[in-house]
Amino acid sequence: MIVRARHVPQMVIAIFLCAMAGGALLLEIPLPWVINDALVRLAMNGVLVLSLVPMLNVGIGINFGLPVAIVAGLLGLCLTVNWRLTGSLGFTMALALSTVIAVCLGEVYGRLLNRVRGREEITATFIGFSFIPLTNFFWATAPFTNPAMLWPIGGIGMRPTIGLKSYFAKILNTWMPLEIGPLTIPCGLLLFFGLCCLLVHLFFKTTPGLAILAIGENEGYARLCGIDVDRMRRLAVILSTVIGAVGICVYAQSYGFIELYDAPMMMAFPAASAILIGGSTTGRATVAQVVAGTFLFHTMYVLSGPLANDLLVPEMAEIFRLMMTTGVILFAMLHHGGRHARPSETL
Amino acid sequence: MLELRGISKTFGPHSALSEVSLSIAAGEIHGLIGLNGSGKSTLLHILFGSSFIHETGGYNGSCFLDGKPFRFTSPAQAIAAGIGMVHQEFALIPEMTVAENILLSREKGFALTDTLFPRDFSLLDPRKNDHEARRALEYLDLKIDPRQKTGNLALNIRQFIEIAREISRDNLRLLLLDEPTAVLNTADAGNFLATLRHLADKGVAILFTSHRLPEIRGLCDRLTILREGRTVGCCDVRTASLGAITHLMLRESVTKAGRFRSRPTDDPILTIRDFQVAMAGEELLGLDLDVQRGEILGLISLSGHGKLAFGAGVIGQLPFRGSLQLDGATNPPSSSAAMIARGVFFLSEDRNRLGLLPRHSIMDNIAFSALQHDNRFLHPSLPRCLRLPDRRAIRRHGERCIREFDIRCTGPAQPVGELSGGNQQKVRIAHALTLSPRLMVVNEPTRGVDIAAKERILDMFLAINDRAGTTIVIASSELEELRRVCDRIAVLYQGRLHAILEPTADDLLFSRAISGKPVLH
């Protein structure tokens, strides 16, 4: 029953956001553009943030090994591009392939994490980091044949960025747009994100979902109640990996490019910040927190660029973003302290 | 010596204490009694300056020590003023030896380095420290080696070490004891109470909380009764009757659960032979036991003689050696899931760690295992493979259990972490019963539970045994309770079956059996 400063990060970010919005108004940065961009970024990054939920809820902690999921998604995307599948067929195929690859990778990843009880977060970080050079080797030697993906000179090895323009770039962003005056609301993209949120929300209402929540809350008790803890933890890791793979597909189509090599390395951190800003603690995260956190975090992103350009040197925007991202993670770790925190005193 | 005036404390919207006053003279043993959640622990923590009191907004009222007002904000200040506290949860460091724990922060250094360097840099003298610790242990009549690691010791010994740490302080003037005898068996408790008396004779004032009324009556000079955070009485022990005290505590009288019958059957539901479980501090070294279908069997032993390991071994929480026959199946797969599927359920004694899902609601806790294993409470109009539960059915079931078992709460959606110990225990039993097990093993069902809840819990066992024919094995150190509900009582000694006694057998026979002396049938 300790009264803690629970919502400090959310409040700091919200105040910061209000100040920035005020600044944006003063500098006459067009508001419709800001709203539009904020909505796109919410849905584009939201699925990646959503992918952290199962692992948080099973008690493993933040999935700093998100690069594993992202690589699964990138593989799916690359295969689709290699087979020159375009349009909605291409995107659906990319999602399906990513899911299959993510299930396989997630199974292995889950088994690894089951062996390092209590140190999952740091292990996951390094699984993510060490997975990147491995995949770099693969990208450099992979036998893909579509010249659009390969180095123009030599014709061997993948390019670092592959344009999706002639395949399925912006397919969700431009699906069912709703124009209200100067605003363009990307209904299709938001709908897809909403559907993912709904599925995750419903999953935690099913019995396996409830078992995962129970493990996150009291692992010993769940085991005593006959729950197969290792299996459920693997299930949560696989789910996280699959959602992460879908997340990078959504991200890539919205961005318009596939980014290979070192690009996935640091992608876990903004996602982690977003979910922490949403107010999740280690051991419990809800879909509402994902949406709120992603919105706050990325609206801040959207605003900070033009503001810094106008007021300070352009580089400041990036520095501010990085300070925010890492600062929030540090704050959350200090305050919630994960599972090692002092248990709340009962009287 | 100590005087409290109008102490009030709130946790958020809940009031834990309101206008509590009491005074203690030097050399007095003052009892503080009340049900779970009546504010006893909170009061002690206020006196000891525990940090969470300060963090939750402090308290109102004033405290005086020898006429001087004080308001501690950290235990260090309280310790400096000569106040010591023995906690309900152990505050010992398992990786340190007994001597190190006892003398923590008061270690003795070599005289030479003491003079040469500041105290914090002095070289410690292990012999002097050992000697000091040994003296404290001898004072408690405890024969253990102070060089042992604390983590390896049994629960009751650890309790003694905690007490030794407090009483070995030279400046000790006021000792706060929070349920010190809750984990001790009767013999140890008696020994311990004698020590307290001795300490009080030397002029130390003692404030003592306990659930055990007879104990308080035997030991204390005066006592204060708390109910829902208020002082409802303060009296001299010698003049007050047990009934009057109970009445003040509860405001209602307690009807005791009990049964006097015995069903001799010969149809064992569970047969174990040479059953060995390596539970630290509670080893079973070869138990042979038949549990008859439909009986309530009590397991009793001193702590450390293996009664708690039985359930852990049967359910597969710990691996066992030997043979186990359940309903005719020999050595079935030993895992919680497999055992639950065969209708066996185990309630561990470790209520805090292995008891419940504290952040989940009462109804979700009750329905949890039935939903996971029996596919009960699944939504009737949705395909079963979606495995979505029927919230309405879960709520209805929760409400029924709350009514039936008299769980004191604000409603089925209240998180169980907010309930008192006794009510949590009722939720656990309701959870087990929802699975309709054929065999239930329960460890220490009434430990740390107030007397009103205790009777309800014992009643629950009798009712389910009567109605559903559930076989129940209760491992407990409370002989009185076992005698009231059990058909047979098995006495364990040094990890083996020593005797099986009728609950009506006389006290002398029981005490002989429990201490390992031969028993003639």
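How many of the residues of helix 8 of chain A are buried? In this predicted model, helix 8 spans residues 207–217 of chain A and is mostly covered, with 11 of its 11 residues buried. A residue is called buried here when its relative accessible area is under 20%. The buried residues of the helix run from Thr207(A) and Pro208(A) at one end to Gly216(A) and Glu217(A) at the other, and they include Leu210(A), Ile212(A), Leu213(A) and Ile215(A).

What covers this helix can be read from its contacts. Within chain A, the buried residues of helix 8 pack against helix 3 (53–57), helix 7 (187–203), helix 9 (219–224) and helix 10 (229–255). Chain B also takes part, through its helix 14 (362–373).

The nonpolar interior comes next. The largest nonpolar core has 167 residues, and those with the most contacts inside it are Met158(A), Met440(B) and Phe461(B). Helix 10 of chain A gives the most to this core, with 14 residues. Phe461(B) may serve as an example of the packing: leaving aside residues up to four places away in sequence, Phe461(B) touches Ile296(B), Ile429(B), Met440(B), Val442(B), Pro445(B), Ile472(B) and Ile474(B). A second, separate core has 45 residues, among them Phe160(B), Leu175(B), Ala189(B) and Phe192(B).

Attention now turns to the strands of chain B. An open sheet of six strands in this chain has the order 16-17-18-13-19-20, and its pairing is mixed. Strand 16 (344–347) and strand 20 (496–501) are the edge strands, each of which pairs on one side only. On average, neighbouring strands of the sheet are turned by 20° against each other, direction ignored.

At one edge of this sheet, strand 20 of chain B is joined by five bridges to strand 19 (residues 488–493), and the two run antiparallel. Within this pair, Val491(B) stands opposite Ala499(B) of strand 20. Helix 16 (residues 421–434) of chain B lies across strand 16 and strand 17 (439–443), and runs at about 170° to strand 16.

A further antiparallel pair in chain B consists of strand 9 (residues 222–227) and strand 10 (residues 230–236), which are joined by six bridges. Thr224(B) has Cys234(B) in strand 10 as its bridge partner. Strands 9 and 10 of chain B form a hairpin with two residues between them. In the turn of this hairpin, Glu228(B) has a positive phi of about 50°.

Key. Residues numbered from 1 in each chain as written. Chains lettered and ligands numbered in written order. Predicted model: local features only at pLDDT ≥ 70, side-chain atom pairs only at ≥ 80, totals over all residues. Heavy atoms only, no water. Pairing = 2+ DSSP bridges. Helix = DSSP H or I, 4+ residues; strand = E, 2+ residues; numbered from the N terminus. Buried < 20%, exposed > 50% of the residue type's maximum accessible area, 1.4 Å probe, protein only. Contact = heavy atoms within 4.5 Å. Axes fitted to C-alpha atoms, helices over the stretch in contact; angles between N-to-C directions. Core = buried A, V, L, I, M, F, W, Y, C linked by side-chain atoms within 4.5 Å.
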